[in-house]
Amino acid sequence: MKWSFLPPEDGDRRYLAVNADEAEPGTFKDRMLIDFDPHILLEGIAICMHACRIDTAYIYIRGEYHAQAKTLQRAVDEAYEYNVFGKDSFLGKINSLAPHCYIHRGAGAYVCGEETALLESLEGKRGWPRIKPPFPAIAGAFARPTIINNVETIAMVGPIVQHGPDWFKSMGTQRPEDAPPTVPASFGPKLFGVSGHVNRPGVYEDELGIKLSTLIETHCGGMRNGKKFKAAIPGGIAMGILGTDQYDAVLDFDVGKKYNCLGLGTAGVIVMDQDTDMVAVTRNIIRFLAHESCGQCTPCREGTTWMYKTLSRIEAGDGTSKDLDLLLELAGSMGAMPGTTICGLADGANWAVRTILNKFRPDFEARVRKHRYVSLSTAGVR
Ligand SMILES: Cc1cc2nc3c(=O)[nH]c(=O)nc-3n(C[C@H](O)[C@H](O)[C@H](O)COP(=O)(O)O)c2cc1C
Ligand code: SF4
């Protein structure tokens, strides 16, 4: 669908930018693909360039991925050697383009994974997300039409072309028949990167729609040290949390609506056991997001900073019950009104704080001093 947004050709350059920034905590699936099968990515890039008539591709790789950048460069060199890319490219002979593929290394900013910040960084500027529209398909890198896709997305192109759409659709979950159009189908395989309190953390490939409990028990050898499951983040810290009663959550693209979190995100599942301190978890998430906020938008810059201060106070035992409602109010102001911030980082902070606090309120209440104050949380503050 994204590829179809490109405008008709005008004879000038169009770009593909592959997002290998992968800075989301708990996420390491793209790294595995690059480590163990870089050519599956390059094959997808070549097919995408052919399909969309693109002659220049950039792979924007996370600055800390030193070894992966080397592996990828070796693979790109091999692809040139075998005329996948370059002036004698075999696809170029069909479509009269000379496709080129370059690796661009980031400098370590999380926000550069956001697609328009990535483009700014690629152009050599400070990695600040851009106001949209225009969307990258219309005006992306160097103000030219640009497709931006994640490593895993592009790596799946070759297998789909090879085995066909029916093969892809034979995996995953169907859209329920009576569901509104906003409910997506979740076809295909998925890489689930599991970390945290399980016996065998790692990246596991299975169908979309696998239950969280199956993922933990079948692939990961169960909870570590025989402890009980307490919570899991479905995919990256900015997605909110699955609570103790959501152990059997179905992990597909509808996970957000069904279980009151933001979504599946990167499918980098972080599992937490019964001993996990949810106040510390929340403070740590917000510490990260406050540090990585680029500061362009007031709700994000100020909101993450104030939430971090408030959570630090609660964790240190100096918080009051009023602070819990303050947190919900701050979180709500960051994501409740779409369009008040330029990118999704602020909304991620909102979902993280709001869902952890709402699903684990007793953990927070046990840490604060009682305050003579009427709680706002029950009055529907988002
Ligand atoms: C703060 C922030 C950080 C992001 N980081 C990444 C990232 O590291 N890798 C990534 O592929 N997408 C990241 N994204 C999502 C991208 O903006 C974009 O949606 C994605 O690369 C599109 O890939 P897809 O269409 O293949 O799913 C991030 C988004 C935000 C708001
Ligand atoms: S939401 Fe935050 S990270 Fe995103 S552009 Fe605004 S200030 Fe920067």
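Modeller: Before we start, domain bounds come from an automatic or database domain assignment. Also keep in mind that this is a predicted model.

Colleague: Thanks! Which domains does the assignment give for the chain?

Modeller: The domain assignment splits the chain into three stretches. They are domain 1 (3–163), domain 2 (190–273) and domain 3 (278–379).

Colleague: Which domains each give at least three residues to the shell around ligand 1?

Modeller: Ligand 1 is surrounded by 17 residues, and the closest are N19, G113, N150, T153 and G344. By class, the shell holds five nonpolar, six polar and six charged residues. At least three residues of this shell come from each of two domains, namely domain 1 and domain 3.

Colleague: And which strand gives the most to that shell?

Modeller: Look at N150, which is among the closest residues to ligand 1. N150 lies in β4 and stands opposite N19. With three residues in the shell, the strand that gives the most is β4.

Colleague: Which strands stand at the edges of the sheet that holds β4?

Modeller: This is an open sheet of four strands with parallel pairing, in the order β3-β2-β1-β4. A strand with a single partner has one side left without a neighbour in the sheet, so the strands at the edges are β3 (100–105) and β4 (146–150).

Colleague: How many bridges join β1 to β4?

Modeller: Strands of a sheet pair through backbone hydrogen bonds, either parallel or antiparallel. Here β1 (residues 15–20) and β4 run parallel. One place to see them side by side is N19, opposite N150 in β4. The number of bridges joining β1 to β4 is five.

Colleague: Which helix packs on this sheet, touching β1, β2, β3 and β4?

Modeller: Try residues 115–122, whose direction makes about 110° with that of β1. The helix that packs there is α5.

Colleague: How far apart do the C-alpha centres of domain 1 and domain 3 lie?

Modeller: The two domains do touch, with eight residues from domain 1 and eight residues from domain 3 in the contact. The side of domain 1 that touches domain 3 has seven nonpolar, no polar and one charged residues. Their C-alpha centres lie apart by 35 Å.

Colleague: One more, please: which strand runs parallel to β7, joined to it by four bridges?

Modeller: β7 (residues 189–196) pairs with β8 (residues 202–207) in the antiparallel sense over six bridges, and these two form a hairpin with five residues between them. That leaves the parallel pairing, where V194 stands opposite V269. The strand you want, residues 268–273, is β12.

Note on methods:
Residues numbered from 1 in each chain as written. Chains lettered and ligands numbered in written order. Predicted model: local features only at pLDDT ≥ 70, side-chain atom pairs only at ≥ 80, totals over all residues. Pairing = 2+ DSSP bridges. Contact = placed C-beta atoms within 7 Å. Axes fitted to C-alpha atoms, helices over the stretch in contact; angles between N-to-C directions. Near = placed C-beta within 6 Å. Nonpolar A, V, L, I, M, F, W, Y, C, P; charged D, E, K, R; others polar.
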